[in-house]
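Please read the following account alongside the coordinates. It goes from the packing of the core to the aromatic pairs, the cysteines and one helix.

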Amino acid sequence: MKSHHKKRLLRRPAQGRTPRNDTASKQLYRILDANFNRSKEGLRVCEDLCRYIWNQRTFTRAFKYLRHELTGIVTGLGIQKVLEARHIQGDVGRATSVSESKRKNINAVFLANSQRVKESLRVLEEVTKLIDAGISSKLKVLRYKVYALEQKVIGRG
């Protein structure tokens, strides 16, 4: 990579704010939309497994609480901007991969979804640093709650 390109990529954005360019802003909100949906969907799968498969009331409530907490956090970003940025037809990564179309057992379903939640929360955390550092911090706390809950569910205790 040429050094002038590298410098441009490494340049810090303006102090914790969305780029002024509307296109860049829309792209960021598109990332937020995809990862918000991915997190909520994964949390719902984990919640339903705890509820219907393992009959674990405490874990079911915990996943439900995390879903609602996530919604509250993302609402602080301006949910309308997030929805307006959605561009499903133009999503180049929309196809399902082979690994996503097969699962070994119900535990594998849980683990795949808890992993999806953690990854998407991390993306939300990183991207919101460009918009609102306070929201980013809340997402980090939420991600660690998911780590702890996942560990409890795996140990079922």
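Contact here means heavy atoms within 4.5 Å. The model is a predicted one. Leaving out residues up to four places away in sequence, Leu121 touches Ser39, Leu70, Leu139, Leu142, Arg143 and Val146. Two of the residues just named belong with the core: Leu121 and Leu70, together with Phe63 and Val153, touch the most other members of the largest nonpolar core, which has 28 residues. The elements that contribute two or more residues to this core are α2, α3, α5 and α6. The most comes from α2, which gives eight residues.

A charged side chain can be followed next. Arg67 is found in helix α3, and its relative accessible area of 9% makes it buried. With residues up to four places away in sequence again set aside, Arg67 touches Lys40, Leu43, Arg44 and Glu47.

How many aromatic pairs are there? The count comes to three. A pair of aromatic rings is described by the distance of the centres and the angle of the planes. Trp54 and Phe110 are arranged edge-to-face, with 5.7 Å from centre to centre and 70 degrees between the planes. Trp54 sits in the loop between α2 (22–53) and α3 (57–75), while Phe110 is in helix α5 (residues 106–128), so this pair ties together parts that are 56 residues apart in sequence. Both partners count as buried: Trp54 has a relative accessibility of 16%, and Phe110 has one of 2%. Tyr144 and Tyr147 also form an edge-to-face pair, at 5.1 Å centre to centre and with 85 degrees between the planes. These two tyrosines are three residues apart in helix α6, so about one helical turn separates them. Tyr144 is partly exposed at 46% relative accessible area, and Tyr147 is partly exposed at 31%. Ring pairs also join Trp54, Phe63 and Phe110 into a cluster. Phe63 therefore appears both in this cluster and among the core residues that touch the most other members.

Now the cysteines. How many disulfides does the count give? It gives zero. The cut-off for a disulfide is a pair of cysteine sulfur atoms within 2.5 Å. For Cys46, the closest cysteine sulfur is that of Cys50, 6.8 Å away, which is too far for a bond. Cys50 is likewise in no disulfide. Cys46 counts as buried at 0% relative accessibility, and Cys50 counts as buried at 0% relative accessibility.

The last element to follow is α6, the helix that holds the tyrosine pair. Helix α6 covers residues 133–155, which is 23 residues, and reaches 34 Å from its first C-alpha to its last, close to the 33 Å expected at 1.5 Å a residue. At its N-terminal end, Asp132 acts as a cap, with a side-chain oxygen 2.9 Å from the backbone nitrogen of Gly134. The buried residues of α6 are Ile135, Ser136, Leu139, Leu142, Arg143, Val146, Leu149, Glu150 and Val153. An α-helix has 3.6 residues a turn, so residues three or four places apart point the same way. Among the buried residues of α6, Leu139, Leu142, Arg143 and Val146 are touched by Leu121. After α6 comes Arg156, whose phi is positive, near 50 degrees.

Key:
Residues numbered from 1 in each chain as written. Predicted model: local features only at pLDDT ≥ 70, side-chain atom pairs only at ≥ 80, totals over all residues. Heavy atoms only, no water. Helix = DSSP H or I, 4+ residues; strand = E, 2+ residues; numbered from the N terminus. Expected span 1.5 Å × (residues − 1). Buried < 20%, exposed > 50% of the residue type's maximum accessible area, 1.4 Å probe, protein only. Polar contact = N/O pair within 3.5 Å; in protein donor to acceptor, adjacent residues only side chain to side chain. Phe/Tyr/Trp six-rings, centres within 6.5 Å; stacked < 30°, edge-to-face > 60°. Core = buried A, V, L, I, M, F, W, Y, C linked by side-chain atoms within 4.5 Å.
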